[in-house]
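Student: I should like to learn how to read the features of a protein model. May we work through one example together?

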Amino acid sequence: MSRIALRLSASVILALVAACMAALLVASTKPAQAAFPGTNGAIAFAGASEQNDIDYRIFRVSPDGKGLKTLATQGFCGSPVWSPNGKKIAYSRTTDDVEGDGEIYLMNADGSGKVNLTKSPDRYEFSPSFYPSGRTIIFTVAPKGNLYVDTELYAISFDAAGNAT
C-alpha cells in the first residue's frame, strides 16, 4: 500500500472515531438519574469521603459538580433516594459493625432533621423507595444475621415532620 493510501485510511478512521464520539456526547445528554423527578436538580449519592474510609456517607452535589456537601455521616449510609417533591431524602444506615442493625432514615434535602423511621433492632432494613405520594416509603427487610435471605417488602408512612404514622 502506498503512503498516500495509508494517510487516507488513517484520516478516514480518525474522522469516523470523531463522528462516533460526537454522537455519543449528543446521545448522553440526559438529566442525572439521581436527581428528583422533573428537574435536573441536586444529586444525592453514597460514597466514602477518603480513599481508605470504609464508612459510606450520603453526599449532595449539583449536576455541574459544584457545591459538594456531606449530609449523613454516622454508620454505613447508603441507598439515598429523593422524595417526589425533592424536599426529603430517605436512606439506609447500618451500625458500624457489618452484622449490625440496618434502619431506614429520612432527612431534609439539606441534611437536617434526620429521623429513624424504623427503629427495629432485630431486622436489617435497606433499599428505600418513595411511593409517588411522597408520604410512604417501601423498603426491604431481612432478619438480623440473614441478610438477603428470606427478605420481605415493608412500607411505612410518615407525617410532614417525618414521624412514622
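The dialogue below moves from the chain as a whole to strands, single residues and a pocket.

Student: What should I know before reading the model?

Tutor: This is a predicted model, in which local features need pLDDT of at least 70 and side-chain atom pairs count only at pLDDT 80 or more, while totals for chains, interfaces and linings use all residues. Residues are numbered from 1 along each chain as its sequence is written, and side-chain values use heavy atoms, with hydrogens and water left out.

Student: Which elements make up the secondary structure of the protein chain?

Tutor: Helices (H or I, at least four residues) and strands (E, at least two) are DSSP runs, numbered from the N terminus. Here the protein chain has one helix and 10 strands. Read from the N terminus, their order is α-β-β-β-β-β-β-β-β-β-β.

Student: How is the open sheet of three strands ordered?

Tutor: Two strands pair if DSSP finds at least two bridges between them. The open sheet has the order β1-β2-β3, and its pairing is antiparallel. At its edges are β1 (43–47) and β3 (69–72), each of which pairs on one side only. From one strand to the next the twist averages 35°; for such angles, axes are lines fitted to C-alpha atoms, for helices over the stretch in contact, and angles run from 0 to 180 degrees between N-to-C directions.

Student: How many bridges join β1 to β2?

Tutor: Five bridges connect β1 with β2 (residues 57–61), and the two run antiparallel. One bridge can be followed by name: Ala46 has Ile58 in β2 as its partner.

Student: Is Arg57 buried or exposed?

Tutor: Buried means under 20% relative accessible area, exposed over 50%, and partly exposed in between (1.4 Å probe, protein chains only). Arg57, which belongs to strand β2, counts as buried because its relative accessibility is 17%. Contact means heavy atoms within 4.5 Å. Leaving aside neighbours within four places in sequence, the contacts of Arg57 include Phe45, Ala46, Thr70 and Cys77. In the protein chain of 165 residues, buried residues make up 33%.

Student: What is notable about the phi of Lys119?

Tutor: Most residues other than glycine have a negative phi, and most peptide bonds are trans. Lys119, however, has a positive phi near 45°. Lys119 sits in the loop between β7 and β8 and counts as exposed, since its relative accessibility is 62%. Ser127, also not a glycine, has a positive phi of about 55°. Ser127 is in strand β8 and is partly exposed, because its relative accessibility is 36%.

Student: How is strand β8 joined to strand β9?

Tutor: Six bridges link β8 (residues 123–130) to β9 (residues 136–143), and these strands run antiparallel. Ser129 stands opposite Ile138 in β9. The hairpin of β8 and β9 has five residues between the strands, and Gly134 there takes a positive phi near 85°.

Student: Which residues line the second largest pocket?

Tutor: Rolling a probe the size of a water molecule over the atoms shows where empty space is left. On a 1 Å grid over the protein atoms alone, a pocket is an open set of points where a 1.4 Å probe fits, with protein on both sides within 12 Å along at least five of seven lines; lining residues have an atom within 4 Å of a point. The lining of the second largest pocket includes Ser83, Lys88, Phe130, Gly134 and Asp159. About 170 Å³ of space lies in this pocket, where grid points are joined across faces, edges and corners and a volume is the space filled by probe spheres set on the points.
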